[in-house]
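Q: Please take a close look at a single part of this model and describe it in one connected account. I would then like to see how the surroundings are arranged.

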Amino acid sequence: MTESDVVSLARDLIRIDTSNYGDADGPGEREAAEYVASFLSNLGLEPTIRESEPGRASVVARWEGSDPARPALVLHGHLDVVPAFKEDWSVDPFGAEIKDGMIWGRGAVDMKGADAMYLAAVKRMIDAGERPPRDIVLAFFADEEHGGRKGAKWMVENHPEDFEGATEAVSEVGGFSIEVAGRRVYLFQTGEKGMQWLRLAAQGIQGHGSLVHRDNAVTHLAGAMSRIGHHEWPLEITPTVERLLRGAADILGVDYAEDPETLDRLVAGLGSVGRMVEASLRNTSNPTMMDAGYKTNVIPDVAGGFVDSRFLPGQQEQVLRTIEELAGTHVKVEQYITERAIDLPFDVPLVRKAIDAVTADDPDAVVLPYMMMGGTDNKHLASLGIAGYGFAPLRLPPELDFPALFHGIDERVPVESLEFGTDVMVRFLRDC
Ligand SMILES: [Zn+2]
């Protein structure tokens, strides 16, 4: 049997090691960008490779639609992956082996499999002489896994013209299926929590470890970190999350209510994605690093710590104020990386068309919105006023713990899921 386009694209991309170590080199991004650019050129499109730095390459191409009066849609993916260590895996993470009906390798789900679906869908339409109803800006970015400063963020800041006229975008992380009480449910991503990474600096008086000492930077920092980490952020159900939970309640036969017990039941009913959904019910603040002192009998005058805080749409200021209060008077809180939250409506034509494209092939399925706890390049496109959704459709076997595969060991994706997703993308792009 010959390999379908989506399978060979996914395997080729996985075999190009584009591990992003968060430092300067980004090996393989240029090669992957050239691969995608030549694929698009062969389809008759005119891709441009843009480098923020040597090797940190993104590709962009505009596929003209039949109605130039309509605003463009950005269909985007990232070409980098998080590193993978051979010794942890049961297969070569860059081998793209096919085993048990699945493609195994780093990027299979995040997100070279999806890149391949998008590219294969474009090819199928172009081969059939079809064009989309509106312009599609195809963009494949570098550096998503380290915040996009050398990829999407750099692109929107330095080449906004590439996205001219675009109002909406589609990319990861949504459209995959889960099973809820025996019913297949596709989660369409309409929101992303915001992120603020905080640096804490505690100040005290330097001194000898043997003395009575009440102004100790380490004690101040430890107290602050403990209060921040233990803080019980209240439950706050946004409209997106409410819609998801009400949908889940219907399927589970549970009366919807926003009390903690009912919410726990609903989250548990969502299976492996429950933990992700749980994180969308509230703001979070997790201490992650501390740095202080150099000798057991010396009290340092400063101590530093780091907190990863994720906020619900519209709550950044309030979350920061709360963390500052928790930190107390001796500890200064400074935000050093902030990324916006995204909160988009579900009742819009683009989403309806995506739902139709899924249910055409899976008529009994339910499609519900969800808010992701992490971030995607859609945050960067948002600075151009582009509304970015997560839709990389995959019909998955219920036993597969999909969320665990993101950045996970033995990352893999069923071939059938990619084929399904390509069919769905073709229907979606025809109608978008
Ligand atoms: Zn990703």
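**The second largest cavity and its surroundings**

A: The lining of the second largest cavity consists of Ser-177, Ile-178, Glu-179, Arg-184, Leu-396 and Pro-398. The model is a predicted one, and the space enclosed here amounts to about 40 Å³. By class, this lining comprises three nonpolar residues, one polar residue and two charged residues. Strand S8 (residues 176-180) makes the greatest contribution, supplying three of the lining residues.

Strand S8 is itself mostly covered, with four of its five residues buried. Its partner is strand S9 (residues 183-192), to which S8 is paired in the antiparallel sense over five bridges. Within this pairing, Phe-176 stands opposite Leu-187 in S9. The two strands form a hairpin with two residues between them, and Ala-181 in the turn has a positive phi of about 45°. Most residues other than glycine have a negative phi, and most peptide bonds are trans. A departure of the second kind is found in the loop between strand S7 (166-171) and S8, where Val-173 is placed. The peptide bond from Glu-172 to Val-173 is cis, with omega near -15°.

A search of the whole structure finds two cavities of 30 Å³ or more. The largest has a volume of about 110 Å³. Its lining is formed by 16 residues, and those nearest its centre are Val-109, Ala-114, Ala-392, Leu-394 and Phe-402. Of this lining, 13 residues are nonpolar, two are polar and one is charged. Helix H3 (residues 112-127) provides the largest share, three residues. A second cis peptide bond may be set beside this cavity in the account: the bond joining Asp-110 and Met-111 is cis, with omega of about -15°. Met-111 belongs to the loop between S5 and H3.

Strand S5 leads to one of the open sheets. Three strands make up this sheet, in the order S4-S5-S19 and with antiparallel pairing. Strand S4 (98-99) and strand S19 (412-414) each have a single partner strand, so one side of each is left without a neighbour in the sheet. Strand S5 (residues 102-104) is joined to S19 by three bridges in the antiparallel sense, with Ile-103 opposite Val-413 in S19. Helix H13 (residues 415-431) packs on this sheet and touches S4, S5 and S19, its direction making about 65° with that of S19. Helix H1 (residues 5-15) lies across S4 and S5 and runs at about 15° to S5.

A further open sheet has four strands in the order S12-S14-S10-S15, with antiparallel pairing. Its edges are strand S12 (284-292) and strand S15 (331-339), each of which pairs on one side only. Neighbouring strands of this sheet are turned against each other by 20° on average, direction ignored. Strand S10 (residues 194-203) and S15 run antiparallel and are joined by eight bridges; in this pairing Trp-197 stands opposite Ile-337 in S15. Two helices pack on the sheet. Helix H5 (residues 217-230) touches S10, S12, strand S14 (302-311) and S15, and its direction makes about 10° with that of S14. Helix H9 (residues 316-327) touches S10, S12, S14 and S15 as well, its direction making about 155° with that of S15.

Two loop residues remain to be noted for their backbone angles. Asp-143 is not a glycine, yet it has a positive phi of about 65°. This residue occupies the loop between strand S6 (136-141) and helix H4 (152-158). Asp-143 counts as buried because its relative accessible area of 3% falls under the 20% cut-off. His-407, also not a glycine, has a positive phi of about 65°, and is located in the loop between helix H12 (402-405) and S19. Its relative accessibility is 41%, and His-407 therefore counts as partly exposed.

To return to the part first examined, the second largest cavity draws three lining residues from S8, a strand that forms a hairpin with S9.

Definitions and conventions: Residues are numbered from 1 along each chain as its sequence is written. This is a predicted model: local features need pLDDT of at least 70, side-chain atom pairs count only at pLDDT 80 or more; totals for chains, interfaces and linings use all residues. Side-chain values use heavy atoms; hydrogens and water are left out. On a 1 Å grid over the protein atoms alone, a cavity is a set of points where a 1.4 Å probe fits but cannot get out, and a pocket is an open set with protein on both sides within 12 Å along at least five of seven lines; lining residues have an atom within 4 Å of a point. Grid points are joined across faces, edges and corners, and a volume is the space filled by probe spheres set on the points. Ala, Val, Leu, Ile, Met, Phe, Trp, Tyr, Cys and Pro count as nonpolar, Asp, Glu, Lys and Arg as charged, and the others, Gly among them, as polar. Two strands pair if DSSP finds at least two bridges between them. Axes are lines fitted to C-alpha atoms, for helices over the stretch in contact, and angles run from 0 to 180 degrees between N-to-C directions. Contact means heavy atoms within 4.5 Å. Buried means under 20% relative accessible area, exposed over 50%, partly exposed in between (1.4 Å probe, protein chains only).
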